[in-house]
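Reader: Hi! Could you take me on a close look at a single part of this model, one helix and whatever surrounds it? I'd enjoy one connected walk-through.

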Amino acid sequence: MALKAQIAQHPIHPMLVVFPIGLWVFSFVCYTVFMLGGAEVWKTVAMYSMAGGIIGAALAAIPGMIDLFSMNKSKARSVGIWHMLINVTVLTLFTVAYFLRLGDATEEAVTYIITVIAIVLLAVSGWLGGELVYVYGVATRAYQEADDERS
């Protein structure tokens with residue numbers, strides 16, 4: 001059984017995740033520059049990047065969940081569930097940080113710490129996503145053929 005969310009046998013989720021990852025990392029870098037005394041524009045750029053990452057993550061989650069719940073129960077699916085739970089946590093943390101930054105400027109240190117935690121979790125989730133592909137072969141032709149044989 002092939003993963004369900006794909007275009008011309010290419011999974012959609014990996015195509016979309018590069019946007020929130022890149023935007024969130026860029027947001028973190030911009031916000032770090034601002035926190036180290038950079039101009040206010042760095043905070044503005046960080047906010048727009050963070051918002052774009054939130055939107056991109058929400059869009060990438062849809063095909064990711066379709067793929068996850070179309071998988072047979074296996075070790076790979078368990079890893080996929082952890083990948084999803086961590087990603088939901090990351091999305092929640094970035095959303096909280098975004099709205100806190102819209103508010104009172106006295107919350108700058110708190111939002112920065114939330115962002116650092118989110119970036120660390122994003123790296124863990126990326127590791128698990130890589131494990132799905134490179135260890136378990138999810139979204140590869142070999143995985144699909146083995147899944148078809150199990151069905």
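Reader: Which residues of α4 are buried, and what covers them?

Author: Happy to walk you through it. In this predicted model, the buried residues of α4 are E108, T111, I114, T115, A118, I119, L122, S125, L128, G129, E131 and L132. As a general point, an α-helix has 3.6 residues a turn, so residues three or four places apart point the same way. Keep that in mind as you read along the list. The cover over these buried positions includes α1 (12-35), α2 and α3.

The helix itself has a regular length. Its 27 residues should span 39 Å at 1.5 Å a residue, and because the C-alpha atoms at its two ends are 38 Å apart, the expectation and the model agree.

Let's take two of the buried residues in turn. T115 sits in helix α4 and counts as buried because its relative accessibility is 1%. Leaving out residues up to four places away in sequence, T115 touches F28, M50, F94, A97 and R101. One of those partners, M50, has its own set of neighbours: with the same sequence neighbours left out, M50 touches W24, S27, F94, A97, Y98, R101 and T115. F94, A97 and R101 thus appear beside T115 and also beside M50.

L132 is another residue of helix α4. Its relative accessible area is 11%, and since buried means under 20%, L132 is buried as well. Residues up to four places away in sequence aside, L132 touches A76, V79, G80, H83, G137 and V138. For H83 there is also a distance to give: H83 and L132 are 49 residues apart along the chain, and their C-alpha atoms are separated by 9.1 Å.

Now to the helices around α4, starting with α1. The α1 and α4 helices pack at an angle of about 145°, and their axes are 11 Å apart. Their crossing is left-handed. On the α1 side the contact is made by I21, W24, V25, F28, Y31, T32, F34 and M35, and on the α4 side by E108, A109, T111, Y112, T115, V116, I119 and L122. T115, which we met above, is among the α4 residues in this contact.

α3 is the next neighbour to look at. This helix has 28 residues and reaches 41 Å from its first C-alpha to its last, close to the 40 Å expected at 1.5 Å a residue. Its buried residues are A76, R77, V79, G80, H83, M84, I86, V90, F94, A97, Y98 and R101, and they pack against α1, α2 and α4. Several names will be familiar: A76, V79, G80 and H83 were partners of L132, while F94, A97 and R101 were partners of T115.

The helices that cover α4 also pack on one another. α1 and α3 meet at an angle of about 40° with their axes 13 Å apart, and are therefore oblique to each other. α1 passes α3 in a left-handed crossing, with H13, W24, S27 and Y31 of α1 in contact with H83, V90, L91, F94 and R101 of α3.

For α2 and α3, the packing angle is about 155° and the axes are 10 Å apart, so these two helices are roughly antiparallel. This crossing is left-handed too. The contact includes M47, M50, A51 and I54 from α2 and M84, L91, F94, A97 and Y98 from α3, among others.

What does this packing enclose? In soluble globular proteins, nonpolar side chains tend to be buried together. Here the largest nonpolar core has 23 residues, and W24, M50, I54, V90, F94 and Y98 touch the most other members. At least two residues of this core come from each of α2 (40-70), α3 (75-102) and α4 (108-134), and α3 gives the most, with eight.

Finally, a step back to the whole chain. The protein chain holds five helices and two strands, in the order β-β-α-α-α-α-α along the sequence. Of its 151 residues, 38% count as buried. Among contacts with a separation of 6 or more, residues 24 or more positions apart account for 73%. The pairing of L132 with H83, which touch and are 49 residues apart along the chain, is an example you can look up in the model.

How values were computed
Residues are numbered from 1 along each chain as its sequence is written. This is a predicted model: local features need pLDDT of at least 70, side-chain atom pairs count only at pLDDT 80 or more; totals for chains, interfaces and linings use all residues. Side-chain values use heavy atoms; hydrogens and water are left out. A nonpolar core is a set of buried Ala, Val, Leu, Ile, Met, Phe, Trp, Tyr and Cys residues joined through side-chain atoms within 4.5 Å. Buried means under 20% relative accessible area, exposed over 50%, partly exposed in between (1.4 Å probe, protein chains only). Helices (H or I, at least four residues) and strands (E, at least two) are DSSP runs, numbered from the N terminus. Contact means heavy atoms within 4.5 Å. The expected span of a helix is 1.5 Å times one less than its number of residues. Axes are lines fitted to C-alpha atoms, for helices over the stretch in contact, and angles run from 0 to 180 degrees between N-to-C directions. Angles under 35 degrees count as roughly parallel, over 145 as roughly antiparallel, 65 to 115 as roughly perpendicular and the rest as oblique. A crossing is left-handed if the near helix is turned anticlockwise from the far one by less than a right angle, and right-handed if clockwise.
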